[in-house]
Amino acid sequence: MPQQRDHWNSNIGFVLAATGSAIGLGNLWKFPFITWENNGGAFVLVYLVCIAAVGLPIMMAELLIGRRGQKSAVGALKDAAGPAWGLVGGWGVTCGFILLSYYTVIAGWSLYYFARTMEWSFSGFPAGLATGDVFTGQVGNAGLQLALSLGFSLGTVAVVYFGVSKGIERIARTFLPILFGILILLLVSALGMSGSGEALRFIFRPSFAELEADSVLEALGHSFFTLSLGMGAMITYGSYIARHHSIVKASAMIVALDTLIALIATVIMFSVIFSVAGMSEQVGGSTVGMLFISLPELFYSEVPFGVLLGPLFYVLVALAALTSTISLLEVVVSYVIDEHGVARHRATIGSGIAVFVFTIFAALSFTDTPFLSTLAVFANKTGWFETADHFVSNWMLPTGGFAITIAAGWIMSRKATESELLDGNQPDWFNYGVWRFFIRFVAPAAVAAIIIAVLFGVDFS
Ligand code: TRP
């Protein structure tokens with residue numbers, strides 16, 4: 001017997017859940033790093049344009065497809081655009097599955113660093129400890145990696161098990177305010193540091209001479225990842241929205257909050273880095289470098305109240321990651337529920353186990369495990385983890401996103417999209433014609449440019 005579909009209890013609960021999905025490692029880990037690599041200022045400006053011109057219209061498109069269909073990504077796309085579009089939904093579910101499998105591994109690292117910083121806060125940061133070795137030591141330890149990612153997976157399953165309003169929404173309503181609070185504490189502390197002026201100039205003063213064509217594409221590619229677009233996550237969350245809530249207002253809030261948090265995280269990290277002489281030369285190496293190698297040490301040498309803020313920072317990373325992993329698992333679970341008629345509890349546990357098998361592969365990618373640590377499909381990408389990340393960021397999200405713009409802009413009727421966006425609750429500033437222009441022309445052209453760049457070897461992972 002079909003059960004009554006669960007819905008978000010409140011608009012704010014939904015906005016927080018979707019914002020929780022969007023805010024994640026992309027904001028705390030990837031964005032600061034690519035801003036760094038692309039020399040700040042001008043890149044940030046380009047990123048803001050991409051978010052507004054491409055991210056926001058696609059966010060509205062995904063949410064409206066979901067709400068209209070009241071089904072998971074597969075069913076909702078079939079309803080919206082025709083039976084063949086179920087394949088695009090299936091592509092998205094697969095993407096969610098793969099992304100979740102390795103995202104959990106990085107999330108697990110935040111648990112490890114929380115434990116270590118607690119230890120250092122209580123017994124002192126050991127003089128001369130090389131944080132680079134701490135990092136390689138933990139990623140190379142198979143037992144530890146499996147335990148951390150199992151712990152994180154269990155947490156994710158536990159939330160999704162309780163469903164949309166009692167699980168996901170409740171967690172978002174509790175955790176996001178905590179996340180904002182921690183971020184503000186960190187921001188206040190960072191702004192008081194000697195490097196904050198230089199950090200703000202680096203981030204907000206554009207110098208277009210340093211902008212390269214690849215940077216534009218990187219900003220565009222990242223706007224998909226950070227907003228959880230291109231794979232049906234927002235279609236899924238949209239399918240739980242009630243009719244009397246405005247999709248346009250919700251989209252604007254989600255997009256604005258995600259962007260704000262990414263910028264705040266960047267200000268925090270750069271203020272710390274610029275406060276230390278010579279640090280800016282050392283950070284260059286890698287994404288993990290900033291979050292898990294440079295920062296831990298600096299909490300104990302530079303950051304005011306670092307003893308407190310260090311562990312809190314890793315709590316922040318873990319919370320941000322958890323509200324993203326639950327949304328990734330929900331993409332898979334809602335598909336199993338809606339398309340295969342499985343009850344939520346069984347669907348959650350089954351999907352959780354299936355994903356975890358692949359999490360094992362990702363977790364062992366940095367240990368000396370034949371195949372998992374040596375696999376080389378794409379140039380410069382070694383191991384299961386990097387291969388999966390490359391495939392998702394470069395191939396799956398852009399192609400999925402492109403298909404969604406076509407579905408919403410060209411296949412669905414004007415009447416169908418208009419009635420969802422002009423739902424009687426839309427804000428005054430919203431103009432349907434402008435949205436339609438962006439979703440039909442601007443967004444697909446921009447996404448097509450990413451796909452073409454990938455074909456020519458540009459790397460977004
Ligand atoms: N937006 C997430 C982040 O910035 C990552 C992500 C991409 C995601 N697609 C998703 C999260 C789908 C949940 C669902 O970290």
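**Helices, cavities and salt bridges in a predicted model**

Phe299 sits in helix 14, which spans residues 287–301; helices here are DSSP runs of H or I at least four residues long, numbered from the N terminus. This is a predicted model, so local features need pLDDT of at least 70 and side-chain atom pairs count only at pLDDT 80 or more, while totals for chains, interfaces and linings use all residues. Residues are numbered from 1 along each chain as its sequence is written, and side-chain values use heavy atoms, with hydrogens and water left out.

Back to Phe299: with 4% relative accessibility, this residue counts as buried. Buried stands for under 20% relative accessible area, exposed for over 50%, and partly exposed for anything in between (1.4 Å probe, protein chains only). Setting aside neighbours within four places in sequence, Phe299 is in contact with Leu186, Gly306, Val307, Leu309, Gly310, Phe313 and Tyr314, contact being heavy atoms within 4.5 Å. The C-alpha atoms of Phe299 and Ala363 are 27 Å apart, with the two positions 64 residues apart along the chain.

Ala18, in helix 1, is buried as well, at a relative accessible area of 0%. Not counting residues up to four places away in sequence, Ala18 touches Met234, Tyr237 and Ile254. Its C-alpha atom is separated by 8.8 Å from that of Ser324, a residue 306 positions away along the chain. Asn394 belongs to helix 17 (residues 383–411) and is buried too, at 2% relative accessibility. With residues up to four places away again left out, Asn394 touches Val454, Val458, Asp459, Phe460 and Ser461.

As for empty space, a search of the whole structure turns up five cavities of 30 Å³ or more. A cavity is a set of points, on a 1 Å grid over the protein atoms alone, where a 1.4 Å probe fits but cannot get out; lining residues have an atom within 4 Å of a point. Grid points are joined across faces, edges and corners, and a volume is the space filled by probe spheres set on the points. The largest cavity comes to about 140 Å³. It is lined by 18 residues, of which Ser21, Leu99, Tyr103, Phe225 and Ser228 are the closest to its centre. At least two lining residues each come from helix 1 (11–22), helix 2 (25–37), helix 5 (86–123), helix 10 (213–226) and helix 15 (306–340).

Ser228 has another quirk: a positive phi of about 60°, although it is not a glycine. This serine lies in the loop between helix 10 and helix 11 (233–238) and is buried at 12% relative accessibility. Phe371, also not a glycine, has a positive phi of about 70°. Its place is in the loop between helix 16 and helix 17, where Phe371 is partly exposed with a relative accessible area of 47%.

Side chains of opposite charge can pair when their charged atoms come close. The structure holds ten salt bridges, each a side-chain nitrogen of Lys or Arg within 4 Å of a carboxyl oxygen of Asp or Glu. Arg116 and Glu119 form one of them, at 3.1 Å from N to O. The two are three residues apart in helix 5, which puts about one helical turn between them, and Glu119 is partly exposed at 39%. Glu420 pairs with Arg243, with the closest N and O atoms 3.1 Å apart. Because Glu420 lies in helix 18 (residues 414–421) and Arg243 in the loop between helix 11 and helix 12 (247–274), this pair ties together parts 177 residues apart in sequence. Glu420 is buried, with a relative accessible area of 4%, whereas Arg243 is partly exposed at 48%. Both belong to a network of salt bridges that links Arg67, Arg243, Glu420 and Asp423.

Arg344 forms a salt bridge with Glu330, the closest N and O atoms lying 2.9 Å apart. Here the linked parts are helix 16, which holds Arg344, and helix 15, which holds Glu330, 14 residues apart. Both partners are buried.

Helix 16 (residues 344–363) also holds Ile353, which is exposed at 54% relative accessible area. Together with Ile349, Val357 and Phe358, Ile353 makes a nonpolar surface patch of about 330 Å². Patches take residues with over 30% relative accessible area and no salt bridge, joining like charges within 9 Å and nonpolar side chains (Val, Leu, Ile, Met, Phe, Trp, Tyr) within 5 Å. Accessible areas come from the Shrake-Rupley method with a 1.4 Å probe, and for residues only the protein chains shown count as cover.

How values were computed. 1 Å grid on protein atoms, 1.4 Å probe; cavity = no way out; pocket = protein on both sides within 12 Å on 5 of 7 lines; lining within 4 Å.
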